[in-house]
Amino acid sequence: MRLRAALVAACVLTAAVAAFAQEPATRAEELARQREEKSRELTPPSPGALERALLMLENGRLFERILNPPEGFYPKIGNITAGGGFAMGPAYRKPLFGERTAFSALAIGSVKRYWLVDARLTSQDLAGGRLFADVHGRLFEYPLEDFFGLGPDSRREDDVIYGFRSSEVGAAAGVRPVPWFVVGAKLDHLTPSVGPGGSEGRSIRQVFFPSAVPGLDLQPDFLRYEFSADVNLREPMGNPRRGGQYKIAYQWFDDRDLGRYNFRRVDLDLQQYLPILRDRRVIALRAFVSTADADAGQDVPFYYQRTLGGPDDLRGFRQFRFRDKNILLLQAEYRWEIFTAVDGAIFYDAGRVAPRFEDLGFDDLESDYGIGFRFGTRNGVFLRVEGAFGSSGGKHFILRFGHVF
Amino acid sequence: MTYVVSAFRRTVAATAFVILAVAAGRGAGPRFYPDDPIQVDRDAQFDASAAKPIEGSNGYDFAENTFLNPGDRREIPAVNVNTMDEVPDSSWFTNRIGRRAMAIDEIVRGPNSMDTVAVDDWPVVRDKTSGITPGYRVTDPSGRLYQIKFDPPGNPEMASGAEVIGAAIYHALGYNVVEGYVVDIDPARIVIAPDATTVDMSGRRRPMRRSDIDRLLSRAAKLPNGKYRATASRFADGIPLGYFKYYGTRPDDPNDIHPHEHRRELRGSRVFAAWLNHDDSRGLNSLDMLEGPAGARHVRHYMFDFGSIMGSGSVFAQVPRAGNEYILEWTPALKTLVTFGLFVRPWILVDYPEVAPSVGRFESEFFDPAEWRPEYPNPAFDLMRPDDAFWAARLVAKFSDEALKAIVTKARYTDPAASDYITRTLIARRDKVLRTWLTGVNPIVEPQLSAAGVLTFENAAVNAGIATAPTGYVLTWSRFDNATDAAVGPSEEQRVTGPRADAPPAILKGSNYVSVTIQTTHAGFPGWNAPAVVYFRQGAAGWQPVGISRK
């Protein structure tokens with residue numbers, strides 16, 4: 001047994017000495033041994049699931065391909081109109097004539113049973129980008145449009161709904177002599193139709209008489225002529241920090257059937273952005289005035305009258321809360337950059353509607369205030385989250401894609 | 001039986017004890033090997049043919065580095081330095097300006113093998129696959145591939161100027177950098193190869209058309225003569241393997257054994273990035289290339305894409321945040337949030353002189369090297385220690401005013417005011433870098449011990465002109481046992497007023513190794529009193545400095 005123990009010890013010692021004999025003699029040898037050891041354990045790089053997923057998204061441009069491809073079918077996701085709810089549906093796009101012209105079409109429906117079919121042929125880049133033109137046609141139905149009555153004294157408790165269906169077929173063209181100035185003209189044939197709306201609320205005809213609501217009883221076809229000018233000096237365009245945008249549009253609605261609803265409208269939209277602290281803070285101001293008038297014996301149908309209320313104008317009020325032929329909207333926001341992709345905003349909205357232009361003024365304005373956050377880049381705001389308070393319409397939480405102005 | 005067993009156990013136990021005792025002694029190893037300090041780390045020894053390309057995701061890279069703190073976060077010294085605290089040459093780094101005097105012409109030429117290239121009529125073979133700068137790829141008559149990148153319309157000459165200046169400086173510092181040239185491209189002489197392809201917005205690769213080139217040129221700066229200025233970067237030799245991360249090692253490269261976050265040249269590149277405002281210094285702007293013949297391939301690591309340095313943001317003038325704050329930095333963001341913007345980040349108030357569009361936003365007055373930040377956290381930058389920064393700052397100090405002026409001429413700025421301003425700003429930022437990082441440790445360098453026993457050394461901060469001479473040095477001499485890594489025998493202390501002393505003969509006599517601990521006395525830099533220990537080895541050629549450690 002002693003012999004066995006001695007043998008074992010001798011073997012162990014021999015092995016140990018052999019091992020130590022392999023200790024590196026130089027720094028280079030030490031490093032070479034570490035590399036030799038690693039060479040026996042090589043594995044291919046293996047990105048994790050999240051990295052693989054993000055790689056696939058980035059390399060495959062999946063967002064662009066799915067949401068906004070230059071060509072082919074894709075799902076259209078978004079809103080049909082304010083208050084229409086989340087909508088989606090198939091869309092198609094096809095570049096033509098060397099990509100200077102595009103054909104596009106879509107058919108989308110919303111959770112509130114709003115739907116829209118739209119097709120258009122658009123050339124944005126004629127004459128080196130100085131001219132643009134399009135022909136278009138669309139058919140839509142909005143079954144749950146809110147209506148509270150006309151005028152500044154409309155009552156919240158008179159909330160009713162109506163359905164609105166129309167087609168629009170027309171053409172537009174314009175000149176862009178410089179990138180920041182556009183003059184355009186547009187002609188559309190319109191076929192509006194008002195219905196009782198869905199069963200989710202009281203129908204307009206249950207509360208309002210046709211005699212008090214122009215256009216409720218009969219809806220003629222129209223030709224709508226529009227001329228507009230747009231000076232856009234915002235920087236950057238998508239999420240402005242300085243500059244301004246000044247737009248004016250004149251519309252003429254030609255009643256083709258009844259001769260009762262011919263009217264004119266002028267919209268003036270002025271926006272100014274005052275930078276503070278190297279553009280990291282911005283005072284954003286907007287004034288919007290719309291006035292419509294008709295000759296004696298003519299009137300403006302209620303469904304073409306401008307409205308106030310909702311996430312884009314008087315944010316402390318329900319959608320379409322106020323409606324009339326003339327409106328004034330004043331908005332002011334203080335926006336501050338929290339970090340690169342997030343801005344905070346404190347806002348104040350004020351406005352009113354009036355049957356006559358001369359009744360628009362700075363007295364008796366409806367108003368609200370609020371606070372919010374905007375997520376996006378210099379190219380645009382992707383998402384807007386806001387709380388609006390201080391109005392007679394209660395508190396409102398707003399979750400909205402895109403900027404307010 | 002009990003006895004026998006007991007004897008067996010005793011024998012084995014005794015053997016084990018002997019082994020452990022020897023192992024313990026051997027485990028520490030000698031402090032210095034005979035080949036220390038190594039000047040070259042031969043990290044191309046093992047065949048890396050099995051290495052596979054790595055694709056990088058911008059989103060993942062941002063998220064990982066912003067939220068996950070990847071890498072080994074131990075605050076340990078750099079692991080790839082030699083015993084003299086220097087970076088040996090490797091597939092990552094080749095000592096150039098730090099090891100030898102470089103002529104200004106050589107610095108300016110940088111990685112380029114030619115004076116210039118003319119890319120007109122070179123066929124476009126495909127689109128540019130990464131980055132936001134408009135561009136494409138062409139081949140020269142010999143088939144070499146080049147990447148063309150254009151300047152943004154609002155800032156002609158800006159990105160291309162930044163690219164060649166950055167390449168020249170990073171090359172002189174020691175990094176692997178691809179060749180890059182400023183070129184003027186005649187749009188009428190852009191030729192599309194028959195098999196050229198591009199990826200359209202739908203993600204499909206299709207034949208490239210002239211309209212693709214025209215669309216791309218619409219996002220590029222047009223010169224008064226109708227040409228477009230661009231950078232032509234020549235692709236490196238070898239097989240592209242994607243990028244390297246600033247932490248960990250490539251699992252498929254046998255030669256890559258040092259965690260990148262602990263590599264001195266990657267930690268120290270924070271200093272260079274701060275100097276040049278290279279806020280885009282991230283893994284995705286690096287390049288690994290597989291080089292060498294089949295069966296003996298190795299990976300070479302490149303720094304890549306300097307179009308976003310100084311005042312350039314590649315496709316626009318650099319944003320004011322760049323270099324001052326990460327894209328997402330919680331503390332200032334929360335302060336701004338809760339104060340409704342009344343808290344104003346100091347960098348917002350910085351005035352950038354309006355010199356020329358080619359300058360972009362670049363300044364030196366507000367610049368604080370220690371507070372400088374890249375776009376998002378970089379593990380190697382996070383782990384940079386004062387000794388890493390000191391190493392890097394010594395390299396920065398090698399760039400003279402004349403050298404920087406000459407480098408800037410490479411950008412061929414049309415406006416002399418742009419050249420002058422960029423040169424002055426680089427010099428001013430260099431001086432701030434030196435004041436910050438050349439003084440962070442006891443700056444003893446270049447120790448020598450003559451055969452006659454005379455010790456000399458230098459003070460890097462004094463040499464750079466950013467500090468006055470110290471009032472004195474305290475030297476503590478010892479014999480040094482290399483096997484046990486410990487001083488042995490009595491020590492002897494000296495106080496001298498200059499960087500020169502006679503070593504005690506009793507210490508030197510019969511010694512193979514001696515150490516001298518140097519503490520520097522300077523009223524302006526009390527931290528210099530921290531000891532720097534220098535080790536000398538007696539060899540055939542006399543005493544050789546073999547190691548230095550700074551506390």
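For the class counts in these entries, I take Ala, Val, Leu, Ile, Met, Phe, Trp, Tyr, Cys and Pro as nonpolar, Asp, Glu, Lys and Arg as charged, and the others, Gly among them, as polar. The model under examination is predicted.

**Entry 1: cavities**

I looked up the enclosed spaces and found 8 cavities of 30 Å³ or more in the structure. The largest cavity holds about 120 Å³ of space. I recorded 14 residues in its lining, and N277(B), A322(B), N324(B), Y352(B) and R429(B) are those that lie nearest the centre of the cavity. Sorted by class, the lining of the largest cavity comprises 7 nonpolar, 4 polar and 3 charged residues.

I then turned to the second largest cavity, which contains about 90 Å³ of space. Its lining is made up of 14 residues, with D61(B), N65(B), Y246(B), G283(B) and P379(B) lying nearest the centre. Which helix gives the most to this lining? I found that helix α2 of chain B, residues 58-67, does so with 3 residues. By class, I noted 6 nonpolar, 4 polar and 4 charged residues in the lining of the second largest cavity.

**Entry 2: a helix pair**

I examined helix α7 (residues 269-276) and helix α10 (residues 386-397), both of chain B, whose axes come within 8 Å and cross at roughly 45°. An angle under 35 degrees would count as roughly parallel and one of 65 to 115 as roughly perpendicular, so I entered α7(B) as oblique to α10(B). From α7(B), the contact takes in V271(B), F272(B) and W275(B). From α10(B), I listed A389(B), W391(B), A392(B), A393(B), L395(B) and V396(B). Which classes of residue make up the contact of α7(B) with α10(B)? I counted 9 nonpolar residues, no polar and no charged ones.

**Entry 3: a sheet in chain B**

I traced an open sheet of 5 strands in chain B, ordered β15-β14-β17-β18-β19, with antiparallel pairing. Why is one side of β15 and of β19 left without a neighbour in the sheet? Strands β15 (486-496) and β19 (542-550) of chain B stand at the edges and have a single partner strand each, so one side of each has no neighbour there. Direction ignored, I find that neighbouring strands of this sheet are turned by 25° against each other on average.

Within the sheet, I looked up the pairing of β14 (residues 472-481) with β17 (residues 513-521), both of chain B; 8 bridges join these antiparallel strands. I noted T476(B) standing opposite T517(B) in β17(B).

Technical notes
Residues are numbered from 1 along each chain as its sequence is written. Chains are lettered from A and ligands numbered from 1 in the order in which they are written. This is a predicted model: local features need pLDDT of at least 70, side-chain atom pairs count only at pLDDT 80 or more; totals for chains, interfaces and linings use all residues. Side-chain values use heavy atoms; hydrogens and water are left out. Two strands pair if DSSP finds at least two bridges between them. Helices (H or I, at least four residues) and strands (E, at least two) are DSSP runs, numbered from the N terminus. Axes are lines fitted to C-alpha atoms, for helices over the stretch in contact, and angles run from 0 to 180 degrees between N-to-C directions. Angles under 35 degrees count as roughly parallel, over 145 as roughly antiparallel, 65 to 115 as roughly perpendicular and the rest as oblique. Contact means heavy atoms within 4.5 Å. On a 1 Å grid over the protein atoms alone, a cavity is a set of points where a 1.4 Å probe fits but cannot get out, and a pocket is an open set with protein on both sides within 12 Å along at least five of seven lines; lining residues have an atom within 4 Å of a point. Grid points are joined across faces, edges and corners, and a volume is the space filled by probe spheres set on the points.
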